[in-house]
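Colleague: Could you take me through one part of this model slowly, as if I were new to all this? I'd like a close look at the place where two of the chains meet, and then whatever else helps me find my way around.

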Number of protein chains: 4
Amino acid sequence: MQIGMVGLGKMGGNMAERLRRAGHDVVGYDRDPKVSDVGDLAELVERLQAPRAVWVMVPSGDPTRATVKELAALLSDGDVLVDGGNSHYLDDRKHSEALAGQGIGFVDVGVSGGVWGLENGYALMVGGDPRHVEMLMPVFRSLKPEGEDGFVHAGEVGAGHFAKMVHNGIEYGMMQSFAEGWELLEATDIVTDVAGTFKSWRSGTVIRSWLLDLVARALQEDPDLSELKGYAADSGEGRWTVQAGIDHAVPLPAITAALYARFASRQEDSPAMKMVAALRNQFGGHAVSAVQGQREKGADAPGADVAPPVDPQG
Amino acid sequence: MQIGMVGLGKMGGNMAERLRRAGHDVVGYDRDPKVSDVGDLAELVERLQAPRAVWVMVPSGDPTRATVKELAALLSDGDVLVDGGNSHYLDDRKHSEALAGQGIGFVDVGVSGGVWGLENGYALMVGGDPRHVEMLMPVFRSLKPEGEDGFVHAGEVGAGHFAKMVHNGIEYGMMQSFAEGWELLEATDIVTDVAGTFKSWRSGTVIRSWLLDLVARALQEDPDLSELKGYAADSGEGRWTVQAGIDHAVPLPAITAALYARFASRQEDSPAMKMVAALRNQFGGHAVSAVQGQREKGADAPGADVAPPVDPQG
Amino acid sequence: MQIGMVGLGKMGGNMAERLRRAGHDVVGYDRDPKVSDVGDLAELVERLQAPRAVWVMVPSGDPTRATVKELAALLSDGDVLVDGGNSHYLDDRKHSEALAGQGIGFVDVGVSGGVWGLENGYALMVGGDPRHVEMLMPVFRSLKPEGEDGFVHAGEVGAGHFAKMVHNGIEYGMMQSFAEGWELLEATDIVTDVAGTFKSWRSGTVIRSWLLDLVARALQEDPDLSELKGYAADSGEGRWTVQAGIDHAVPLPAITAALYARFASRQEDSPAMKMVAALRNQFGGHAVSAVQGQREKGADAPGADVAPPVDPQG
Amino acid sequence: MQIGMVGLGKMGGNMAERLRRAGHDVVGYDRDPKVSDVGDLAELVERLQAPRAVWVMVPSGDPTRATVKELAALLSDGDVLVDGGNSHYLDDRKHSEALAGQGIGFVDVGVSGGVWGLENGYALMVGGDPRHVEMLMPVFRSLKPEGEDGFVHAGEVGAGHFAKMVHNGIEYGMMQSFAEGWELLEATDIVTDVAGTFKSWRSGTVIRSWLLDLVARALQEDPDLSELKGYAADSGEGRWTVQAGIDHAVPLPAITAALYARFASRQEDSPAMKMVAALRNQFGGHAVSAVQGQREKGADAPGADVAPPVDPQG
């Protein structure tokens, strides 16, 4: 089928390529004229035959919102707009409602797959009206991996991005679990072949998984991860998952722990722990401001509640 | 090679069977005479040719400790005892030291595989002296799954059980992550095909894993898990992982969250939350003991700090 | 000074009374005509001399928003509106901006004190333009407790409610800390006088506090808290604190733990733990749906990975 | 009454002084001859009239264990030994049992008070046989603060240290709660007078407490805590509290969060977060080892799943 693809970066470009390999007629637009088939969105829309399908694959937030708005002015009754970026599910509802007034359909798609997607296919989580989803099935079938899995029509508008958001929340918790296990193994000297242990777990264990494969590969390349800093960015979707949990009174302690660990990893020094240190200094009954003095105080430390310099053995 | 297997339950029995299929000469002992090849441990030891290898596969804790002690009195210099149960790694050290005095080797093996192990092989994490491990390699090669993974000589005595313990800690965190994601999806009505969403994730996603396969299968059999209670036991190994973290000052927030969620799942009513409720009642300035009155109080609730029954719109 | 008070419930009514005792001229409005001085908000505004000060003390959310909107249409250039309820700080900004267009000032006040406030005074956290705050100082001085503390002009508009929100977040963490300590003492039989222990801590310890006084009193009235259910509501402010933390990438693990414990306390049965139970059943290689069978399974339990019914001492 | 005091450091020395001011006959021993009344423990015991009372106030762990052992060889039937240090409650049981064989009583006392104890008294949590506790009541009455609180006979041997341990666990959670609230206030620019806000909370609020007084004082001395590092030691008692929780299947999420925050504060760089970073790099399909490249990757980040450099507005 014919489809317009807006955004031809690493994700959108590869998806366009996968669709072309499958025989679809893809008209691509990107602000970079070297990769773009058309000069602007108006030309993109002109090139497509009604009813049109336009897949937006640009960064979430303002870029997506602006693109949807611009396309809304160009598309017509019966067309369908797909947001395949990492948008918030509440944005989807706003976009869907705004477009519905003009008879334009809206479908949200959570996409997973990264750089392997071109060859192996992209996992697709789709939200939208069954009529609109049906219209796009030829494209979905070509993008998804082979086999029975890798595609779900998860529910109405927003369900695709909500499902992808939860997927990423689970991913946070799983990554944190592996990371904690690795830190514990590294902190002791009991297991001497840590990299080999992770590699061995790839077969026959309960935790075998694609993430474990990546852990094993990372440790093969750099057994101590000495080339890396303990610094981890967080995507919007991890935060959104926790916020959705709070909104629905669902406790998410492991996923939240993973999110907080990332927050903390980006702090040079923990402000909260400064306060804890300040309180421990106060226990001494007087201010201790020098950093070197700080480590020896604390009312609840054995060295404070109990006479520190006493050796009763004389 | 020849090996004695002590404990022919679901695990030990299947492992003995897998070894026999591979051509090993297994002499099995179990307190159930119907499955036992010998009448007692003394007869087992007699039946084996020195240097002997005896694999203990009985419940961890007292049963394993008692078995090791009994075997210590029967085995001789040059023999090797294997503990394949879920023992604590500090027990391994004690057993190893006790046996070393008599020249008996000790090897600890963390085993994963469950009911699928007979056909697919068991993942083995091994701790011990290289000499003793080498002696047992024919057995390990037959027990492990096919392929390059599924076996590691993780380090000295204790390393096998320590690695298995950490494996289980990671497993706790991963299970909790899936469980939290599922609860969030169930708590909202945005994603209407929750079971289908989990099933779809089995291909092309970051979280694809054997546990995800189990999640998908569980939801296929009972989409709302309505047949189950939210009650989860915990094995010793989850607790041991957290304790090892504390002993080594390693923060394990996600794994600990998983452990605490299991603790809480076994409480009829949370004592801590009784105290929180009691404090909220105290905010009212007087004791409120009746349960029905309890839900409307609390100094920090909008309905308490602010006049609840006022509608200024008249 | 003269002030209008909108909302004469437990909080607003007592605050009006405290102001009157201090000599202020309070005109009160409530939808309940029995306690109201005027028939409607229009009459309230008429009764006040310009520049007017009107204190809104109604439930946060829609009631406050509607009251502010109605008053905006009645007040004039130079008047000041005070929101003393538990509004979100972002609401304050919207209200302030909307009123500023008409020259009406806006001050937000976080109020703490509950039923003791009438006699002991209310802690006030104030946000707003210094001009507007200055105009209200006579009222603040009369409402606050005696002494140098109990009042802060925390910052611009929103700062008062933000400070109160963080106060409540800290309160969540403190209550949870006491609750956990109590649960641990109750779970063991080592400390036999738990109520006496809490009472004793009121003097000479690091944790002495008003909340500890309440704990001690609650345990005096009902040593086992047997009259209470482990059920705790949560106010918006606990959730808002965690959300503000996420928005600013500030990890709040203890406060979040307190919030999640309240969420969990309101669940009959934990959905997440149903999934954990389902996975443990899957480990058995087959579905186990009956609740009675559920407690004995699990691949990571000693009773599953290791042959359960073996007693090698046989 | 007459009492021997072993260990005359900051705690033991002040306690001896407080007892002398109250008229007790204190014979002190310290390895520092300048402060010691006797040359060794044997001389200390000789100087006391039977039945003797000896209070051990030395660092917990090996120093206390060695002191108890040495005293056991010197004391006689009818004497009582008091351990006022921060010992683990399970040590108390061992000590009590060892001494009971010789007819020597054992009492464990958790002591709180720090540098203020000399003037204000020490909070005492006492475990032991009522006969032994009764014998020591004159000393306890002189050490405790004035008023009805500050002393509890919490239970049998071990109960005093167990109660003190839980006190410290609660203290961890409370300190963490204040620290988190402070970090959130500092992270935003909404509340501009953070130090003033904490100070104001000392009157009329739910969170007023001795710890809040210390927070306010610390911020008065150094409003940004700029002189401090975010580094916090942890005493054994925080770890013991969490371990006791695990042993009794009691979830302690807030107290554990406080402990883990201290662990993390002492890490230069988080090993776990190195692994998370490594996994995010793997998502890119190739190893990225340079630190500067690390911050822009990640399969779940908008900049990875979605084409990063696209601006569809062209």
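Modeller: Let's start right at the contact: chain D and chain B bury about 1600 Å² between them, and 68% of that area is on carbon and sulfur atoms. Keep in mind that this is a predicted model, so every value here is computed from predicted positions. Chain D brings 20 residues to the contact, and chain B brings 20 residues too. On the chain D side, look for Ile246(D), Pro251(D) and Tyr260(D). Together they supply 40% of the area that chain D buries against chain B, more than any other three residues.

What about charges and polar groups? The rule finds 0 salt bridges across the interface of chain D and chain B. Polar contacts do turn up there, with a count of 6 residue pairs. If you want to know which elements of chain D to highlight, pick α10 (236–247) and α11 (253–265), as these are the ones that give two or more residues to the side touching chain B. Sort the residues on that side by type and you get 13 nonpolar, 4 polar and 3 charged.

While you have these two chains on screen, check their loops. In chain B, the peptide bond from Ala50(B) to Pro51(B) is cis, with omega near -5°. You'll find Pro51(B) in the loop between α2 (41–47) and β3 (53–56) of chain B. Now go to chain D: the bond from Ala50(D) to Pro51(D) is cis, with omega near -5°, and Pro51(D) lies in the loop between α2 (41–47) and β3 (53–56) of that chain. Chain B has another spot to visit, Leu225(B), which has a positive phi of about 50° although it is not a glycine. Look for Leu225(B) in the loop between α9 (210–221) and α10 (236–247) of chain B.

Next, turn to chain A and its sheet. Here 7 strands form an open sheet with mixed pairing, in the order β2-β1-β3-β4-β5-β6-β7. The edges belong to β2 (25–29) and β7 (151–155) of chain A; each has a single partner strand, so one side of each is left without a neighbour in the sheet. On average, neighbouring strands of this sheet are turned by 25° against each other, direction ignored. Strand β1 (residues 2–6) of chain A runs parallel to β2(A), and 5 bridges join them. As one example, Ile3(A) stands opposite Val26(A) in β2(A).

Helices pack on this sheet as well. Helix α1 (residues 10–21) of chain A touches β1, β2, β3 (53–56) and β5 (105–112), and its direction makes about 165° with that of β1(A). Helix α6 (residues 130–143) of chain A lies across β1, β3, β4 (80–83), β5, β6 (123–128) and β7, running at about 35° to β5(A).

Back to charges for a moment. Side chains of opposite charge can pair when their charged atoms come close. Over all chains, a search of the whole structure finds 56 salt bridges. One to try in your viewer is in chain A, where the side chains of Arg65(A) and Asp91(A) meet at 2.5 Å, N to O. This pair links distant parts of the chain: Arg65(A) sits in helix α3 (residues 62–72) and Asp91(A) in helix α4 (residues 89–100), 26 residues apart.

Notes
Residues are numbered from 1 along each chain as its sequence is written. Chains are lettered from A and ligands numbered from 1 in the order in which they are written. This is a predicted model: local features need pLDDT of at least 70, side-chain atom pairs count only at pLDDT 80 or more; totals for chains, interfaces and linings use all residues. Side-chain values use heavy atoms; hydrogens and water are left out. Two strands pair if DSSP finds at least two bridges between them. Helices (H or I, at least four residues) and strands (E, at least two) are DSSP runs, numbered from the N terminus. Axes are lines fitted to C-alpha atoms, for helices over the stretch in contact, and angles run from 0 to 180 degrees between N-to-C directions. Contact means heavy atoms within 4.5 Å. Buried area is the accessible area (1.4 Å probe) that two parts lose on being put together, summed over both. A salt bridge is a side-chain nitrogen of Lys or Arg within 4 Å of a carboxyl oxygen of Asp or Glu. A polar contact is a pair of N or O atoms within 3.5 Å; within protein, one must be able to donate a hydrogen and the other to accept it, and residues adjacent in sequence count only if both atoms are side-chain atoms. Ala, Val, Leu, Ile, Met, Phe, Trp, Tyr, Cys and Pro count as nonpolar, Asp, Glu, Lys and Arg as charged, and the others, Gly among them, as polar.
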